[in-house]
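Work through the exercises below with the sequence and the model side by side. Try each task before reading its solution.

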Amino acid sequence: IQGFIVDRAIHVLEEHKASKGVMLHYLHLLATQDFRHSIVASSGRVGRLLDALKDLTQHLKGNGIVSERLMVYQRLLEQARSHMKTKPLSWIRELLDGLTSLHKETRTKAMELGTKAVAVFPSSSTVSLALRTVLDEKMEDGKTIGTFACKRLEKMLASKDDNLVVPQIWAIVLSLMKGMEGGIDKWNSLKDWLKIMQRCFNSS
């Protein structure tokens, strides 16, 4: 019956036909379930679930959807670690978007996911490469996502409500980059990220 429940949840998320409330229900179920790892971690189920989660916000908007999705990713780090390692591009951009979100609850959930990812993948070259790929990706204005992320962290530093989390977010990003082949000092954007930490040290 556990397999049936997981399959049903994935099917609903894939179809995009259910109401937002129903979708939230299934996301929460997947984020909080305590099924046997073998039930959730079959390659077919994890692959389908990751694909469905990545496409979700193209069909449904709202901070609740984003937060619940981040919680599902965190559960998958516990139950399907190998699949999360081999398919980091299925979740790493969503993690980065959450870390730089101006919505506090979303950012908190992303920080929990990021902290878990650092613990699970302390020096993964696969995860580091995926994160670097996303950070180096260019946006419509020609600037990279990494540049946007740095600007967003600078904006958060100027906010009394948000500034305390900036060093934590910075540490998550840099820790996930530790597995980069050749060493993190080979990362072209490292200087921009070090400037963020310099601003933190100079902040009251």
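## Exercise 1: Cysteines

Task: find how many disulfides the whole structure holds.

Solution. This is a predicted model. A search of the whole structure gives zero disulfides. Start with Cys150. Its nearest cysteine sulfur belongs to Cys200 and is 11 Å away, and Cys150 is in no disulfide. A disulfide needs two cysteine sulfur atoms within 2.5 Å. Now take Cys200. Its nearest cysteine sulfur is that of Cys150, 11 Å away, and Cys200 is in no disulfide.

Next, decide whether Cys150 is buried or exposed. The cut-off for buried is under 20% relative accessible area. Cys150 has 7% relative accessibility, so Cys150 counts as buried. Cys200 has 14% relative accessibility, so Cys200 is buried too.

## Exercise 2: Salt bridges

Task: count the salt bridges, then place three of the pairs in the chain.

Solution. The whole structure contains 12 salt bridges.

Step 1. Take Arg48 and Asp7. They form a salt bridge, with the closest N and O atoms 4.0 Å apart. This pair links distant parts of the chain: Arg48 sits in helix α4 (residues 43-55) and Asp7 in helix α1, 41 residues apart. Arg48 has a relative accessible area of 31%, so Arg48 is partly exposed. Asp7 is at 28% relative accessibility and also counts as partly exposed.

Step 2. Take Arg93 and Glu137. Their side chains meet in a salt bridge, 2.8 Å from N to O. Arg93 belongs to helix α7 and Glu137 to the loop between α9 and α10, so the pair ties together parts 44 residues apart in sequence. Arg93 is partly exposed at 29% relative accessibility. Glu137 is partly exposed as well, with a relative accessible area of 34%.

Step 3. Take Arg107 and Asp162. They form a salt bridge whose closest N and O atoms are 2.8 Å apart. Arg107 lies in helix α8 (residues 104-120), and Asp162 lies in the loop between α10 and α11 (166-176). The two are 55 residues apart, so-called distant parts of the chain. Arg107 is at 2% relative accessibility, so Arg107 counts as buried. Asp162, at 15% relative accessibility, is buried too.

Step 4. Look for shared partners. Salt bridges with shared partners join Asp7, Glu14, Arg45 and Arg48 into one network.

## Exercise 3: Cover along helix α7

Task: find how many residues of helix α7 (residues 92-99) are buried, and name them.

Solution. Helix α7 is mostly covered: six of its eight residues are buried. They are Ile92, Glu94, Leu95, Leu96, Gly98 and Leu99. Arg93 of this helix is partly exposed, with 29% relative accessibility.

## Exercise 4: A glycine in α1

Task: place Gly3 in its helix and decide whether it is buried or exposed.

Solution. Gly3 is found in helix α1, which covers residues 2-15. Its relative accessible area is 11%, so Gly3 is buried. Now compare positions along the chain and in space. Gly3 and Tyr73 are 70 residues apart along the chain, and their C-alpha atoms are separated by 18 Å.

## Exercise 5: A charged patch

Task: which residues form the positive surface patch?

Solution. The patch is made of Lys143, Lys151, Lys191 and Lys195. Place one of them: Lys143 lies in the loop between α9 (125-135) and α10 (145-157).

Note on methods. Residues are numbered from 1 along each chain as its sequence is written. This is a predicted model: local features need pLDDT of at least 70, side-chain atom pairs count only at pLDDT 80 or more; totals for chains, interfaces and linings use all residues. Side-chain values use heavy atoms; hydrogens and water are left out. Buried means under 20% relative accessible area, exposed over 50%, partly exposed in between (1.4 Å probe, protein chains only). Helices (H or I, at least four residues) and strands (E, at least two) are DSSP runs, numbered from the N terminus. Patches are made of residues with over 30% relative accessible area and no salt bridge: like charges are joined within 9 Å, nonpolar side chains (Val, Leu, Ile, Met, Phe, Trp, Tyr) within 5 Å. Accessible areas come from the Shrake-Rupley method with a 1.4 Å probe; for residues, only the protein chains shown count as cover. Lys and Arg count as positive and Asp and Glu as negative; His and the chain ends are not counted. The place of a charge is taken as NZ of Lys, CZ of Arg, CG of Asp or CD of Glu.
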